[in-house]
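Me: I have a structure open that I would like to go through slowly. Could you help me read it, one topic at a time?

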Amino acid sequence: MITSQQKAIHERALVLSQNFRKLESDLLSILQEVDREKVYLAFGFPSLFEYAKTALLLSDSNSYLLMSVARKAVQIPELKKEILLGNLSLSKAARIVSVITTENKDEWIRKASHLSKRELEREVVKEKPEDVRESTRQVSEDRLCLKLGISEAFLSKLKRVQTLLSSSQRKPVSMEEALEHSLDLYLERKDPVVKADRAEKKALCPGRKTGGMVHVAKREPLKASLKHQVFLRDRGQCGYTVHGRKCSSSAFVEIHHKIPVASGGQNQIENLITLCSAHHRYYHTQAPHRSFLAPQIKTGNRC
Ligand SMILES: [Zn+2]
Ligand SMILES: [Zn+2]
């Protein structure tokens with residue numbers, strides 16, 4: 001027996017869920033525009049994911065789902081349409097992003113709308129066995145659980161490091177310790193910030209004697225000592241700043257000349273800035289924004 005009050009509540013719930021799907025579909029459309037027009041870069045975010053998370057205040061998982069479906073729906077607009085119609089949930093649409101193509105789209109959309117989440121998972125893994133989404137999850141106050149897909153070769157390398165480390169420490173070590181040790185070794189050798197720190201500690205940085213000004217001929221490659229100063233000053237983080245918000249990404253950072261060498265820019269610390277590769281590319285390809293860093297040199301401001 002359904003009362004008229006229960007029926008009215010149910011109808012309101014139906015309207016809201018329809019609005020919710022419309023909202024998801026609209027969010028997908030706007031994220032496609034944000035992506036196409038590089039809005040996230042202009043606002044100082046290194047990726048669409050960071051923009052969705054930080055600027056739009058969406059959760060990590062919603063940001064990931066919306067971003068992956070928005071990008072795939074550029075080639076396969078049916079994904080967006082089926083979400084709007086309520087035939088496909090956002091999470092199921094995201095689950096088939098790695099396998100759906102313009103040729104097999106009908107088959108995958110049908111599977112995603114009819115199969116349970118677990119059955120769909122099984123089908124996707126059958127099609128693309130190595131598709132493991134890398135993720136981290138907080139499991140206690142100071143511990144995380146890391147999930148990643150690895151190859152047999154990776155596992156044997158990890159076990160080899162584990163054996164070597166166990167014998168050098170004369171006690172059994174965990175996979176985590178073996179992995180951490182390998183990461184430390186890599187960072188020690190390759191991280192420009194660690195290298196710069198080391199160089200400064202050893203006082204082997206000749207640029208310091210000239211007060212950070214290292215004048216060199218045009219087109220000369222940057223000297224290691226100068227790179228060290230830039231990495232130390234910027235802490236290896238992207239310095240793209242807009243409306244007082246700094247990108248600060250430390251992924252794939254590069255050193256950029258604020259005034260290009262071709263326009264008389266020098267290899268001086270004041271003319272150099274660390275940028276993430278996304279912002280570096282953006283700076284060199286988006287003509288209207290090309291002057292965004294240059295005025296800071298004239299006023300003597302740091303980046
Ligand atoms: Zn550059
Ligand atoms: Zn950046």
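Me: Which residues of the largest nonpolar core touch the most other members?

Reply: Of the 42 residues in that core, Val69, Leu79, Ile96 and Tyr240 touch the most other members. A nonpolar core here is a set of buried Ala, Val, Leu, Ile, Met, Phe, Trp, Tyr and Cys residues joined through side-chain atoms within 4.5 Å, and buried means under 20% relative accessible area, with exposed over 50% and partly exposed in between (1.4 Å probe, protein chains only). Please keep in mind that this is a predicted model, in which local features need pLDDT of at least 70 and side-chain atom pairs count only at pLDDT 80 or more, while totals for chains, interfaces and linings use all residues. Side-chain values use heavy atoms, leaving out hydrogens and water, residues are numbered from 1 along each chain as its sequence is written, and chains are lettered from A and ligands numbered from 1 in the order in which they are written.

Me: Which helix gives this core its largest share?

Reply: That is helix H4 (residues 60-75), which supplies six residues; helices (H or I, at least four residues) and strands (E, at least two) are DSSP runs, numbered from the N terminus. The core also draws at least three residues from each of domain 1 (4-127) and domain 3 (204-298), where the domain bounds come from an automatic or database domain assignment.

Me: And what is Val69 in contact with, leaving aside its neighbours within four places in sequence?

Reply: With those neighbours left aside, Val69 is in contact with Leu28, Leu79, Ile83, Leu90, Ala93, Ala94 and Val97, where contact means heavy atoms within 4.5 Å. There is also a second, separate core of ten residues, which includes Leu226, Val230, Leu232 and Leu272.

Me: Leu79 came up twice there. Which residues are buried in H5?

Reply: In H5, Leu79, Lys80, Glu82 and Ile83 are buried. They cover an arc of only 165° around the axis, which puts them on the same side of H5; the arc is that of the directions from the helix axis to the C-beta atoms. This fits a general rule: an α-helix has 3.6 residues a turn, so residues three or four places apart point the same way. What covers the buried residues of H5 includes helix H1 (4-36), H4, H6 and H7.

Me: Okay, and which residues of H7 are buried, and which are exposed on the other side?

Reply: In helix H7 (residues 105-114), the buried residues are Lys105, Trp108, Ile109, Lys111 and Ala112. Seen down the axis of H7, they fall within an arc of 160°, so they line one face of the helix. On the other side of H7, Asp106 and His114 are exposed. The cover over the buried residues of H7 includes helix H5 (78-85), helix H6 (90-95) and helix H8 (117-127).

Me: Changing topic: what coordinates the zinc ion (ligand 1)?

Reply: The zinc ion (ligand 1) is coordinated by His256 (ND1), His280 (NE2) and His284 (NE2), at 2.0 to 2.1 Å. Donors are N, O and S atoms within 2.8 Å of the metal (3.2 Å for Na, K and Ca), and water is not among the atoms, so sites may look incomplete. Of these donors, His256 in strand E5 (residues 253-257) and His280 in helix H13 (residues 277-285) link distant parts of the chain, 24 residues apart, and both His256 and His280 are buried.

Me: Then what about the zinc ion (ligand 2): which residues coordinate it?

Reply: Cys238 (SG), Cys247 (SG), Cys276 (SG) and His279 (ND1) coordinate the zinc ion (ligand 2), at 2.0 to 2.4 Å. Cys247, in the loop between strand E4 (245-246) and E5, and Cys276, in strand E6 (residues 272-276), are 29 residues apart and link distant parts of the chain. Cys247 counts as buried at 9% relative accessibility, and Cys276 counts as buried at 1%.

Me: Why is the arrangement around the zinc ion (ligand 2) called tetrahedral?

Reply: Its four donor atoms subtend angles of 104 to 121°, which makes the arrangement tetrahedral, since four donors count as tetrahedral if all angles lie between 85 and 135 degrees.

Me: Last one: is Leu57 buried or exposed?

Reply: Leu57 counts as exposed, at 72% relative accessibility. Leu57 lies in the loop between helix H3 (48-55) and H4, and its phi is near 60°, a positive value in a residue other than glycine.

Note on methods: Tetrahedral: all angles 85-135°; square planar, octahedral: opposite > 155°, others 65-115°.
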